[in-house]
Amino acid sequence: MKKILGLISLVLISFILQSTVLHFARFFGVTVNLVLVVLIVVSLQTDEITGAGLGFFVGLLSDVFYAQFWGVNTLLFFSIGYLAGKISDDVYKFDYFTNLYFVLFGTLFYHLLFYFIHYFL
């Protein structure tokens with residue numbers, strides 16, 4: 001129970017930071033998707049069930065507050081959380097570069113599928 005409350009509070013804090021403070025901190029016109037970073041790192045440290053559940057919660061929260069089409073962020077965050085949790089058994093997850101590579105590939109995966117889905121909607 002403490003683990004679930006800790007993860008939910010971590011996600012809520014990152015979501016609040018992303019929508020308030022980091023919204024104004026732009027680097028070359030790009031903002032950091034802190035919720036995606038937190039999702040990938042937590043999914044790598046846990047299993048696929050926790051990653052998928054956290055991804056579903058984060059996606060639903062993003063859809064409620066930001067989405068033009070409901071369900072797109074939920075599907076993408078759920079998929080990323082599940083895949084990162086599934087792969088976490090096969091990689092050395094305590095290395096900073098492993099987390100960095102997974103955040104990079106997760107961000108690319110998210111944006112490519114996001115724009116692909118929005119192109120056809």
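**Helix packing and pockets**

Helices α2 and α3 are roughly antiparallel to each other, and therefore run in nearly opposing senses by the criterion of an angle over 145 degrees. In this predicted model, the two helices pack at an angle of about 165 degrees, and their axes lie 9 Å apart. The crossing of α2 and α3 is right-handed. On the α2 side the contact is made by Val35, Leu39, Val42 and Ser43, and on the α3 side by Gly51, Leu54, Gly55 and Val58. Sorted by class, the residues of this contact of α2 with α3 comprise five nonpolar and three polar, with no charged residue.

Helix α2 (residues 34–45) also packs on helix α4 (residues 72–87), where the axes come within 7 Å and cross at roughly 30 degrees. That angle makes α2 roughly parallel to α4, because angles under 35 degrees count as such. Here, too, the crossing is right-handed. From α2, the residues Leu36, Leu39, Ile40, Ser43 and Leu44 meet Phe77, Ile80, Gly81, Ala84 and Gly85 of α4. Seven nonpolar and three polar residues make up the contact of α2 with α4, and no charged residue takes part. Leu39 and Ser43 of α2 appear in the contact with α3 and again in the contact with α4.

Attention can now turn to the pockets. How much volume does the largest pocket have? The value is about 660 Å³. Its lining counts 27 residues, of which Gln18, Thr31, Asn33, Tyr110 and His111 are the closest to the centre. Helices α1 (2–20), α2, α3 (48–66), α4 and α5 (96–120) each supply at least two residues of this lining. The most comes from α5, which gives seven residues. In terms of class, the lining of the largest pocket holds 16 nonpolar and 11 polar residues, and charged residues are absent.

The second largest pocket encloses about 160 Å³ of space. Lys3, Ile4, Leu7, Ile8, Ile49, Thr50, Gly53, Leu54 and Phe57 form its lining. Both α1 and α3 supply at least two of these residues, and α3 gives the most, with five. Six residues of the lining are nonpolar, two are polar and one is charged. Leu54 of α3 thus has a place in two settings: Leu54 lines the second largest pocket and belongs to the contact of α3 with α2.

Conventions. Residues numbered from 1 in each chain as written. Predicted model: local features only at pLDDT ≥ 70, side-chain atom pairs only at ≥ 80, totals over all residues. Heavy atoms only, no water. Axes fitted to C-alpha atoms, helices over the stretch in contact; angles between N-to-C directions. Helix = DSSP H or I, 4+ residues; strand = E, 2+ residues; numbered from the N terminus. Parallel < 35°, antiparallel > 145°, perpendicular 65-115°, else oblique. Left-handed = near helix turned anticlockwise from the far one by under 90°. Contact = heavy atoms within 4.5 Å. Nonpolar A, V, L, I, M, F, W, Y, C, P; charged D, E, K, R; others polar. 1 Å grid on protein atoms, 1.4 Å probe; cavity = no way out; pocket = protein on both sides within 12 Å on 5 of 7 lines; lining within 4 Å. Points joined across faces, edges and corners; volume = space filled by probe spheres on them.
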